[in-house]
Amino acid sequence: SRPGGAHVSKPVFEGLLTFSGRRNRQSYFLYLLLAGVVLAAIWGLAFAFALGGGWAGIVIALMVSLPVFLSTWAVGGQRCRDFGWTGWAMLITLIPYVGWIFAIAILFIPGNQGGNRYGVDPIALSAP
């Protein structure tokens with residue numbers, strides 16, 4: 001348990017394109033959930049347009065998805081730094097099968113309490 005019993009999450013939209021800092025488990029999970037919903041909506045619309053013969057929807061979906069994928073890597077790097085690993089550990093996600101296991105595992109690995117070499121505890125920052 002954190003000092004004072006506070007379990008407040010880092011704001012989900014904070015530092016989405018920043019490859020520095022830390023992100024706690026709750027904020028990471030909420031970001032992944034939101035990114036998944038956004039990508040599903042974008043690609044659902046793109047394929048609906050493609051079925052009607054409009055391939056421009058696929059191109060637009062690819063362009064809109066790129067920032068989401070980049071921010072997912074940034075947020076994942078922040079999550080790795082929360083438990084003391086370098087953000088470069090996100091390269092593990094490129095390894096077939098192992099990458100998915102790693103991406104799921106970092107949802108459950110607890111962050112370092114207090115500061116570490118990558119910054120202050122994101123839960124301590126957001127505590128009242």
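This passage describes the helices, the nonpolar cores and the largest pocket of a predicted model.

Helix α1 is considered first. Helix α1 contains 27 residues, and the distance from its first C-alpha to its last is 38 Å. This span is close to the 39 Å expected at 1.5 Å a residue. Several residues of α1 are buried, namely Ser27, Tyr28, Tyr31, Ala35, Leu39, Ile42, Ala46 and Ala50. The cover over these buried residues includes α2 and α3. After α1 comes Gly53, a residue with a positive phi near 95°.

In soluble globular proteins, nonpolar side chains tend to be buried together. In the present model, the largest nonpolar core comprises 13 residues. Within this core, the residues with the most contacts are Tyr31, Val68, Cys80, Met90, Phe102 and Ile106. At least two residues of the core are supplied by each of α1, which spans 25-51, and α2, which spans 56-82. The greatest contribution is that of α1, with 4 residues. A second core, separate from the largest one, is made up of 5 residues, among them Ile42, Ala50, Ile58 and Ala61.

The surroundings of Tyr31 can be described in further detail. Tyr31 is one of the buried residues of α1 and also one of the residues with the most contacts inside the largest core. When residues up to four places away in sequence are not counted, Tyr31 touches Val12, Leu16, Val68, Ser71, Thr72 and Val75. Of these partners, Val68 is likewise listed among the residues with the most contacts in the largest core.

The largest pocket has a volume of about 460 Å³. Its lining consists of 16 residues, and those nearest the pocket centre are Leu32, Thr72, Thr93, Trp100 and Ala103. Thr72, one of these residues, is also a contact of Tyr31. The lining is made up of 12 nonpolar and 4 polar residues, with no charged residue. Three helices, α1, α2 and α3 (98-105), each provide at least two residues of this lining. The largest share, 6 residues, comes from α1, the helix that also gives the most to the largest core.

Finally, Gly99 is located in helix α3. Gly99 counts as buried because its relative accessibility is 2%, whereas the limit for a buried residue is under 20%. Apart from residues up to four places away in sequence, Gly99 touches Ile92 and Thr93. Thr93 is in turn one of the lining residues that lie nearest the centre of the largest pocket.

Technical notes. Residues are numbered from 1 along each chain as its sequence is written. This is a predicted model: local features need pLDDT of at least 70, side-chain atom pairs count only at pLDDT 80 or more; totals for chains, interfaces and linings use all residues. Side-chain values use heavy atoms; hydrogens and water are left out. A nonpolar core is a set of buried Ala, Val, Leu, Ile, Met, Phe, Trp, Tyr and Cys residues joined through side-chain atoms within 4.5 Å. Buried means under 20% relative accessible area, exposed over 50%, partly exposed in between (1.4 Å probe, protein chains only). Contact means heavy atoms within 4.5 Å. On a 1 Å grid over the protein atoms alone, a cavity is a set of points where a 1.4 Å probe fits but cannot get out, and a pocket is an open set with protein on both sides within 12 Å along at least five of seven lines; lining residues have an atom within 4 Å of a point. Grid points are joined across faces, edges and corners, and a volume is the space filled by probe spheres set on the points. Ala, Val, Leu, Ile, Met, Phe, Trp, Tyr, Cys and Pro count as nonpolar, Asp, Glu, Lys and Arg as charged, and the others, Gly among them, as polar. The expected span of a helix is 1.5 Å times one less than its number of residues.
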